[in-house]
Amino acid sequence: MTGLKATRDRDAARVPVLGLTVLYDARCSLCTFLRDWLGKQPQLVPLRLVPAGSEQARALYPSLDHRATLDEITVVGDGGQVYRGAAAWVVCLWALREHRPLAHRLSTPAGARLAKGAMLAAAKWRSAHTQQGWGGGAYLRGDGWVYEPGVGWTYQPPGCDSGSCSTR
């Protein structure tokens, strides 16, 4: 399990991970369930749970592809490490006191195949349940309006991660 890219300024390849930020899809019921579950677990490494694509996520990680973070779980280490997909789940388990041994087993070649299979199953379930437009108790309209039962309607303007948006 390796990060995708480390920052040069902190030599992230050698800097120990002291904190992780988990970017999750707040519109996905499976994602919000797992967010809640992660938040209740005893942690060896602190987890900060941030909605993917949110203003908070964009402020924390301006150079990250925020559209991609909505497609699959992304975890960012405090040393600049970026984990996606199955590796992100393994690093989340590694941060939890009771699940670190499982993370070590899933980081082996055989375990990595199991972790990838679990990710593919979760992605298939997620795809089947987000086609209706509902997920995680939130309703997302294509024009940027989002309804969340506990908050009400909020407007989240579409992002411009590719830089090709017009600025009218």
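The legends below accompany close-up views of a predicted model.

**View 1. The whole chain, from the N terminus on.** Let us start with an overview of the predicted chain. Its secondary structure comprises 6 helices and 8 strands. Read from the N terminus, these elements follow the order β-α-β-α-α-β-β-α-α-α-β-β-β-β. The chain has 168 residues, and 33% of them count as buried. About 10200 Å² of the chain is exposed, with 57% of that area supplied by carbon and sulfur atoms. If we take the contacts between residues at least 6 apart in sequence, 59% join residues at least 24 apart.

**View 2. An open sheet of 4 strands.** Here we turn to the sheet with strand order β2-β1-β3-β4, an open arrangement with mixed pairing. Which strands are at the edges? They are β2 (47-51) and β4 (82-84), each of which pairs on one side only. Neighbouring strands in this sheet are turned by 20° against each other on average, direction ignored. As a reminder, strands of a sheet pair through backbone hydrogen bonds, either parallel or antiparallel.

**View 3. Where β3 meets β4.** This view picks out one strand pair from the sheet. Strand β3 (residues 74-77) and β4 run antiparallel and are joined by 3 bridges. For V76, the bridge partner in β4 is V82.

**View 4. Helix α4 across the sheet.** Keep the strands in sight and add a helix. α4 lies across β1, β2, β3 and β4. With respect to β4, the helix runs at about 115°.

**View 5. The largest nonpolar core.** In soluble globular proteins, nonpolar side chains tend to be buried together. In this model, the largest nonpolar core has 20 residues. The residues with the most contacts inside this core are L20, V22, L38, L47, I73, V75 and C92. At least two core residues come from each of β1 (20-24), α4 (86-95) and α5 (100-106). The most is given by α4, with 7 residues.

**View 6. C92 and its partners.** Zooming in on one core residue, which residues does C92 touch once its neighbours within four places in sequence are left aside? C92 is in contact with V22, L38, I73 and V75. These four partners are also among the residues with the most contacts inside the largest core.

**View 7. A second core.** Last comes a separate core of 8 residues. V50, Y61, L64 and V76 are included in this second core. V76 may be familiar from View 3, where its bridge partner in β4 is V82.

Notes: Residues are numbered from 1 along each chain as its sequence is written. This is a predicted model: local features need pLDDT of at least 70, side-chain atom pairs count only at pLDDT 80 or more; totals for chains, interfaces and linings use all residues. Side-chain values use heavy atoms; hydrogens and water are left out. A nonpolar core is a set of buried Ala, Val, Leu, Ile, Met, Phe, Trp, Tyr and Cys residues joined through side-chain atoms within 4.5 Å. Buried means under 20% relative accessible area, exposed over 50%, partly exposed in between (1.4 Å probe, protein chains only). Contact means heavy atoms within 4.5 Å. Accessible areas come from the Shrake-Rupley method with a 1.4 Å probe; for residues, only the protein chains shown count as cover. Two strands pair if DSSP finds at least two bridges between them. Axes are lines fitted to C-alpha atoms, for helices over the stretch in contact, and angles run from 0 to 180 degrees between N-to-C directions.
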